[in-house]
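Visitor: I should like to study a single part of this model closely, and then to see what surrounds that part. Please guide me with care, as I am new to the subject.

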Amino acid sequence: MTDHCGALPEGPVSAPPPWWKTAVVYQIYPRSFAEGSARTGDHAADGVGDLRGIIEHLDHIAWLGADALWLSPIFTSPMADFGYDVSNFCDVDPLFGDLGDLDDLVAEAHRRGIQVILDWVPNHTSIEHPWFQESRRDRTNPKAAWYIWRDTPPNNWNAAFPRGDTAWLLDDTRGQYYLRSFCKEQADLNWDNPDVEAAMLDTLRFWLDRGIDGFRMDVVHMIGKDLTADDPPEAVAKQIPHVPFNDVEVTHERLRRIRSVLDGYPGERASVGEVYLLDEDAMSRYYGDNDELHLSFNFSFLWAEPTPASFRERITTTLAHLERVGGWPTWALSNHDVPRHRQRHGRDERLARITALLLLTLPGTPFLYQGEELGLLDAEIADEAMIDPGRRDGCRAPIPWTAEPNHGWPTSPWLPFAPEAEHRNVATMTNDTTSIAHLYRELVHLRARSPSLQTGSFSWVGSTSRGVEGGGVEDGGSDGEGFSDGEVLAYHRGDEWTVVANFGSASVELDTFGLNLRSVLATGLQPLQGRIVPGFSGVIARRD
Ligand code: GLC
């Protein structure tokens, strides 16, 4: 914001922010989103979601107002890890459709102003990938060094699935151990081999040439590894997988080369990395000097306790570290790997409404996981009935589209529905203006209309200094001196907005948080009672 009224200073007019800074991103887990009624050929309904299903339901995403969608993997896969075990990076699995369907989906999304992000899986391939098939044959074949082979396990690393199993598996054909950080069917690629890097960069080009807008990069912090570094023995004994310990320097130069590929294309092609390091300082370094990832997921926020103190601490720390590197934050509370946040946070919808307010009013890019706009819980699935090697079935329950028993699916879906689907379904909730789905929609739309919410400053209420409007992630209030009340989180966005999230049971006065505030949107179901923020609710208020 300029502080003088005369002529504007000379200089270039600042460019509008790139889409990935202002977007609300909606994650689609294709198996569970929707099954199309109009599959081409003789593909009978099989209860698994597909690309036609997504096309048929794009209007829901447009209704919500999301600007981008991230598709969990749709590449050819034997599905040992439900698509994260890729056997061809440059084709669509027949279960989901074909390349033509994907082109149609991209065209239909773009027609609605929605960008499309694919899920690129650079750390590993399926053991059925032709590269691995060749690599495992013997020690001298042309792809012998494309994976990580050793005569004996060089370290104590644990795999992720199943928990506690060694990450090194003996392959009888080749007579050596291969590294698999996840399932036994997912072999880690050897990124130290330049041929592997070149082949993987080509897979990015394949999709960029087809008009894809960006990539979510699966466990991308693992494309560099130090095989000589053991994990802490106590962590290994607790069956913690190697993934959150993998943080080595060489990854950064590889990310810079990945970034150059994206930057070589017209438009703003973007990357968001799954950097599963639960430390904001380490995570922030994967933005590089604005030359590595465009965005990184922030798992320390996702795992925050649903209390003002925990959220406040994680937000403050995140903003401080990202400000240091000039990185743009992301915020997510759920995804396809973790129990849904309403499930984790004690099931109370009032809390899910408050966290929706935070997610959509913090400075940075919010990522929504399909179904959170319905306030879904996880499906209840007995341990012995789980089919995912990581036991993540519950959060992957299919989206209920209607109130009918099959909830709009042409046949019974591959996983059971979450509880309450008779009223927590898209048809019922979009018809009810008091539903959580409408709250999400109103917040997304409010954000879309407000530059202050998209790119304005952030400061905690009561802090001494204020960030500069339009300055991105300025956080003048991250010094911990702000308004402190054990039950309330309150912050300003730009000079325009104040957000008050009341986690306690007692009402609080809006006037406590600033003068001339007028509530514009409240999360609670009761009509606004004067200048009061009732217990277990939040408001976003405008300064008049
Ligand atoms: C990521 C994905 C997860 C997958 C794993 C291995 O964490 O989000 O679903 O199982 O990587 O690819």
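Visitor: In which loop is Pro162 found?

Guide: Pro162 is located in the loop that lies between strand E7 (149-150) and strand E8 (168-171). Here strands (E, at least two residues) and helices (H or I, at least four residues) are DSSP runs numbered from the N terminus. The model is a predicted one, in which local features need pLDDT of at least 70 and side-chain atom pairs count only at pLDDT 80 or more, while totals for chains, interfaces and linings use all residues. Numbering starts from 1 along each chain as its sequence is written, and side-chain values use heavy atoms, with hydrogens and water left out.

The bond before this proline deserves attention. Phe161 and Pro162 are joined by a cis peptide bond, with omega at about -15°. Most peptide bonds are trans, and most residues other than glycine have a negative phi. The second of these habits is broken at Arg347, a residue other than glycine whose phi is positive, near 75°. Arg347 sits in the loop between helix H13 (341-344) and helix H14.

We may now turn to the domains. An automatic or database domain assignment sets the bounds, dividing the protein chain into domain 1 (19-123 + 194-451) and domain 2 (457-543). Pro162 has a number that falls in neither of these ranges.

Next comes an open sheet of eight strands. Its order is E13-E12-E11-E5-E2-E1-E15-E14, and the pairing is parallel; two strands pair if DSSP finds at least two bridges between them. At the edges stand strand E13 (295-296) and strand E14 (330-332), each with a single partner strand, so one side of each has no neighbour in the sheet. Helix H14 (residues 349-361) packs on this sheet and touches both E14 and strand E15 (365-369), contact meaning heavy atoms within 4.5 Å. Elsewhere in the sheet, strand E11 (residues 214-217) and strand E12 (residues 270-273) run parallel and are joined by four bridges. Phe215 has Ser271 of E12 as its bridge partner.

A second open sheet has five strands and antiparallel pairing, in the order E16-E17-E18-E22-E20. Strand E16 (458-460) and strand E20 (517-522) are its edge strands, each pairing on one side only. Within this sheet, strand E18 (residues 497-502) and strand E22 (residues 537-543) run antiparallel, with six bridges between them. Trp497 is matched with Arg542 of E22 as its bridge partner.

How, then, do the two domains meet? Their centres, taken over C-alpha atoms, are 29 Å apart, and 26 residues of domain 1 are in contact with 34 residues of domain 2. Buried area is the accessible area (1.4 Å probe) that two parts lose on being put together, summed over both. Between these domains it is about 2,600 Å², and carbon and sulfur atoms give 71% of that area. On the side of domain 1, Pro308, Arg312 and Ile354 lose the most area to domain 2, together 25% of what that side buries. Helix H12 (308-325), H14 and helix H16 (436-449) each supply at least two residues of the side of domain 1 that touches domain 2. Two of these helices also meet the second sheet: H12 lies across E16 and strand E17 (488-493), whereas H16 lies across E18, E20 and E22.

Notes: Axes are lines fitted to C-alpha atoms, for helices over the stretch in contact, and angles run from 0 to 180 degrees between N-to-C directions.
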